Amino acid sequence: MSATMSMIRNMMISAVLLTSGAWPARAASEADYKTALAAAEAAEKEAGQLRNKWTTTETELAAAKKAAAAGDFDGAIRAAREADALAKASIFQATSEKERWKDMEIR
Amino acid sequence: MNLDRTSATRRLVLKGAGSVALIGAGVYLGFETGFGILPALAAANGKYPEEAFKQKSDADAIKALYGKTAEASDKVKLDAPEIAENGAVVPIAVATTLPDVTSISFFVSENPNALAASYVIPAGTVPAIANRLKMAKTCNVIAIVESSGKLFSATKEVKVTVGGCGG
Amino acid sequence: MFRTILCPAFAALAAAALACVAASAIAASDKADPKTNAGINPVADATAFRKFFTDKFPKVKLEEFVNGPYSMDEDLHKQWEEKEQFAPYEFALETGKDMFSTPFRNGKTYADCFPNGGIGIRQNYPYFDEKEGKVVTLELALNRCREANSEAPYSYVKDEMASLTAYMAFTSRSKPMDIRIPNDPRALEAYENGKRYFYTRRGQLNFSCATCHVQSPGEHIRAEILAPALGILNAMPIYRSEWSGMGTTSRRFITCNSQTRAVPLEPQSDEYRDVEYFLSYVANGLPISGPGARP
Amino acid sequence: MASTIRVRATATGDTTEVQALIQHPMDTGLVKDAQGQIIPAHFIQQLTFEHNGKTVFLANWGTAVSKDPYVKFSFKGANKGDDLRISWVDNKGATDNTTAKIQ
């Protein structure tokens with residue numbers, strides 16, 4: 001599978017992640033942030049169980065907590081949702097690679 | 001403590017097998033001495049060319065070190081890689097057939113300070129040196145040889161970038 | 001071989017604007033993984049592995065694969081020859097020799113923990129420990145030796161461990177790698193687990209070890225040239241100009257993970273021990289060339 | 001105490017080839033450490049090689065010389081078994097020296 005193919009594949013995965021749904025207009029509250037963070041951390045925990053966490057997920061989680069600490073809940077929610085999407089992508093990667101690794105195996 | 005490496009198999013690359021001959025137990029003396037700032041003198045004597053090392057560009061450094069300009073000469077053989085495997089350790093060597101050489105210096109044009117190293121070559125010492133220098137980025141490496149009072153130079157561009165796929 | 005992309009049906013993601021290539025949905029539940037021994041054949045793997053690289057690089061002599069990027073590029077090879085005249089790992093090597101013979105507080109030394117006093121045995125590591133049922137690497141064995149003699153273990157990624165393994169590798173220089181897989185289903189499983197790790201894509205860059213070291217050895221990633229996977233651990237531990245310091249196998253695995261944006265596991269986790277087992281086994285017969293110098 | 005200087009001096013005929021590798025950080029003063037503090041400049045300025053009391057080679061080094069610096073040169077007029085004295089001084093005034101036998 002040529003390198004360019006994996007480039008296209010990566011772009012498609014990240015594109016899917018970035019176009020998350022639209023957010024409600026009203027100012028986000030701390031409660032919204034807490035739920036978004038909980039979802040992201042649960043997904044990241046599962047990625048951890050699959051031994052397949054991404055460093056970018058970790059940085060987004062940290063950014064979310066930092067923004068929340070500074071009271072910027074809009075930013076915090078955006079980062080938490082990004083972390084959630086990245087964590088879910090890493091879970092998808094782990095499950096799909098369970099079989100797909102054989103594609104590249106030298107036989 | 002003398003690590004025996006004379007047997008050929010121990011050396012990955014069979015290049016002039018030599019053995020470590022280390023007799024004297026060197027003593028690491030770490031003490032503060034008043035190291036006075038010395039006036040900029042010609043490179044040919046033993047004084048540390050403080051001024052030359054402070055210059056930014058290679059032209060200023062050459063002037064501070066030798067007080068004259070150099071002319072390119074194919075008798076100065078500069079050996080440097082096309083692409084440095086790593087900017088921190090670039091193997092650079094120079095050799096020349098020019099007569100009575102008294103000094104050899106290396107300049108890396110785009111480094112914060114162009115002068116990298118300057119060697120005093122007493123009579124009886126072969127005018128050929130190899131060393132490993134740091135290069136900030138892709139630029140010209142210039143070797144200058146002072147032969148019977150005149151300066152001759154060789155220049156070569158060496159490409160330098162970081163490695164790895166980012167992370 | 002076109003890689004199909006399954007459209008991810010994440011509950012959290014709204015319908016993505018991007019056209020989604022719906023492909024045959026891979027069954028979510030895990031198909032019965034072929035754990036039976038029949039499916040695992042290390043001998044055939046090793047032969048195929050070696051043939052892949054000797055076919056891909058006919059001009060590179062078999063034993064030269066252990067020189068990694070330096071066997072892929074003439075200009076780089078010249079720089080390596082210059083470095084090897086007085087290699088940057090000299091100091092680590094001599095420190096390792098001193099450490100190896102310096103007794104622990106209880107008077108014993110590393111020589112008491114290892115067969116043949118630890119001299120000239122690196123080529124047999126990692127080995128499968130049938131009592132423990134797991135792969136034991138040289139770095140792990142060294143720390144276990146320290147703990148057995150009530151000494152604090154060394155970090156797997158720092159200089160002390162690199163100096164010790166540098167000296168032990170040096171005493172095995174040019175001996176062929178000689179890794180054995182005992183007739184034990186757990187050993188076969190460990191080998192397979194290592195192979196799976198080697199080929200599994202990870203990190204947001206979605207690369208596996210094979211993406212770089214099987215698909216594109218000899219090619220540039222910026223200034224560096226990728227090493228072929230055949231014999232890639234034979235030169236460990238390595239002094240890397242990049243780190244301007246020594247690097248153990250553990251350090252190399254961890255930094256490779258971070259480069260693909262995968263969170264590294266703990267050093268000497270089972271996955272790392274198994275992938276070292278796999279990579280060393282398929283390099284059987286190639287000479288040990290550690291400690292090595294690398295870009 | 002092991003010296004910071006490793007040297008190989010091999011005489012073939014009238015020419016002696018000398019290789020030296022010195023353990024020294026050669027910090028440029030332009031690099032920050034993990035905590036973001038600038039690591040001060042700390043580099044060997046002069047490296048001298050003497051044979052029978054006469055300087056056969058003198059290196060003036062700046063901050064662009066690699067860490068654990070290496071240099072190779074040759075000189076005439078020495079024989080197997082002679083002593084070669086090597087000494088360096090860095091910008092903090094620290095020094096080290098050793099004497100090697102020409103092989």
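**Chain B and a sheet shared with chain D**

Okay, so let's begin with chain B: of its 167 residues, 40% are buried, where buried is 20 or more other C-beta atoms within 10 Å of a residue's own, with C-beta atoms placed from the backbone. Keep in mind that this is a predicted model, so to speak with filters on: local features need pLDDT of at least 70, side-chain atom pairs count only at pLDDT 80 or more, and totals for chains, interfaces and linings use all residues. Residues are numbered from 1 along each chain as its sequence is written, while chains are lettered from A in the order in which they are written.

Chain B has 2 helices and 8 strands, and from the N terminus both helices come before the strands, α-α-β-β-β-β-β-β-β-β. Those are DSSP runs, H or I of at least four residues for helices and E of at least two for strands, numbered from the N terminus. Looking at chain B contacts between residues at least 6 apart in sequence, 58% join residues at least 24 apart; a contact is two C-beta atoms, placed from the backbone, within 7 Å.

Now the sheet. It's open, with 6 antiparallel strands in the order 2(B)-3(B)-6(B)-7(D)-2(D)-1(D), and pairing takes at least two DSSP bridges between two strands. Strand 2 (76-79) of chain B and strand 1 (5-12) of chain D are at the edges, each with a single partner strand, so one side of each has no neighbour in the sheet.

Within chain D, strand 2 (residues 15-22) and strand 7 (residues 70-76) run antiparallel, joined by 7 bridges. Who partners D:Val18 in strand 7 of chain D? That's D:Phe73.

Key: A residue is buried if 20 or more other C-beta atoms lie within 10 Å of its own, exposed if 12 or fewer, and partly exposed in between; C-beta atoms are placed from the backbone.
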